[in-house]
Amino acid sequence: KNQMEENYLNSARKQFEYYKVLGEKTFDQLTEKELLWQYNPESNSIAITVNHLWGNMMSRWTDFLTADGEKEWRKRDLEFESVIQTRQELIRKWEEGWNCLFTALDSITLENFSAKVYIRNQAHSIPDAVNRQMMHYAYHIGQIVYVGRMIKGSDWKSLSIPKGASKAFNEQKFSKGKHDGHFTDDIK
């Protein structure tokens, strides 16, 4: 891979890993009942959102380079139903979706980086397809974190810089001087 392509793929992987960790740190704070909680019948529980992420990931990343990202076997409407009923099932689908994604990312090489991939018959460059999914997942994982924070209230454990700790966080970061790395390196 040339340097730009390799840098892009490494950065994309780190971003995906970061959002995966945010979801998991949210799950860790919640009971099974809280993972299934819905604000009202029209809203999505965390479990429903995970089910949608799973369906999307399995569809988009299975045969990423060779088949349309919207698979005929996908049942998107069912993704927004209360299919997941246990923490164990939620974690199983979460891991399966992410494993599918990371396997597909690992299949991208210098030889196929310029390939076109299709989602609903629309051509995407590799970066466009990856970015499309990354932003989609960030959107939904943000929802997961927000619902988790609403449920936990004052018992919520911050996933990044705790309230009132920005100054100390910045002092620690700046004390390192200029350096390489990714902003997510200290978060996992």
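Is Lys20 buried or exposed? Lys20 counts as buried, at 14% relative accessibility. Please keep in mind as you read that this is a predicted model.

## Salt bridges along helix α1

Let's begin with Lys20, since it has a charged partner. Glu24 and Lys20 form a salt bridge whose closest N and O atoms are 2.5 Å apart. The two residues sit four positions apart in helix α1, which puts about one helical turn between them. Their surroundings can be read from accessibility: Glu24 is partly exposed, with a relative accessible area of 22%, whereas Lys20 falls in the buried class at 14%. The cut-off for buried is under 20%, so the two partners receive separate labels.

Helix α1, which covers residues 3–27, also holds Arg13 and Glu17. This pair, too, is four residues apart, about one turn of the helix. Arg13 makes a salt bridge with Glu17, and here the closest N and O atoms are 3.3 Å apart. Arg13 is partly exposed at a relative accessible area of 22%, and Glu17 is partly exposed at 23%. In total, the structure holds 11 salt bridges.

## A bridge between a helix and a loop

What does Glu70 pair with? Glu70 forms a salt bridge with Arg60, and the closest N and O atoms are 2.6 Å apart. This pair links distant parts of the chain: Arg60 belongs to helix α3 (46–61), while Glu70 lies in the loop between α3 and α4 (87–106), and the two are 10 residues apart. Arg60 is buried, with a relative accessible area of 5%. Its partner Glu70 counts as partly exposed, at 22% relative accessibility.

Which residues are joined with this pair into one network? Through salt bridges that share partners, Arg60 and Glu70 are connected with Arg74, Glu79 and Arg120. If you are viewing the side chains, these five names are a handy selection to display together.

## Trp73 in the α3–α4 loop

The loop between α3 and α4 is also the place of Trp73. At 48% relative accessibility, Trp73 counts as partly exposed. The cut-off for exposed is over 50%, so a value of 48% keeps Trp73 in the partly exposed class.

Which residues does Trp73 touch, once those up to four places away in sequence are set aside? They are Met58, Ser59 and Thr62. For Ser59 there is a backbone distance as well: Trp73 and Ser59 are 14 residues apart in sequence, and their C-alpha atoms are 8.2 Å apart in space.

## Two positive phi angles

Backbone geometry offers a couple of further places to look. Asp63 is not a glycine, yet it has a positive phi of about 50°. Asp63 is located in the loop between α3 and α4, and it is partly exposed, with a relative accessible area of 47%.

Where is Asn121 found? Asn121 is in the loop between β1 (116–119) and β2 (122–125). Although it is not a glycine either, Asn121 has a positive phi, of about 70°. At 68% relative accessibility, Asn121 counts as exposed, whereas Asp63 is partly exposed at 47%.

Notes:
Residues numbered from 1 in each chain as written. Predicted model: local features only at pLDDT ≥ 70, side-chain atom pairs only at ≥ 80, totals over all residues. Heavy atoms only, no water. Salt bridge = Lys/Arg side-chain N within 4 Å of Asp/Glu carboxyl O. Buried < 20%, exposed > 50% of the residue type's maximum accessible area, 1.4 Å probe, protein only. Contact = heavy atoms within 4.5 Å.
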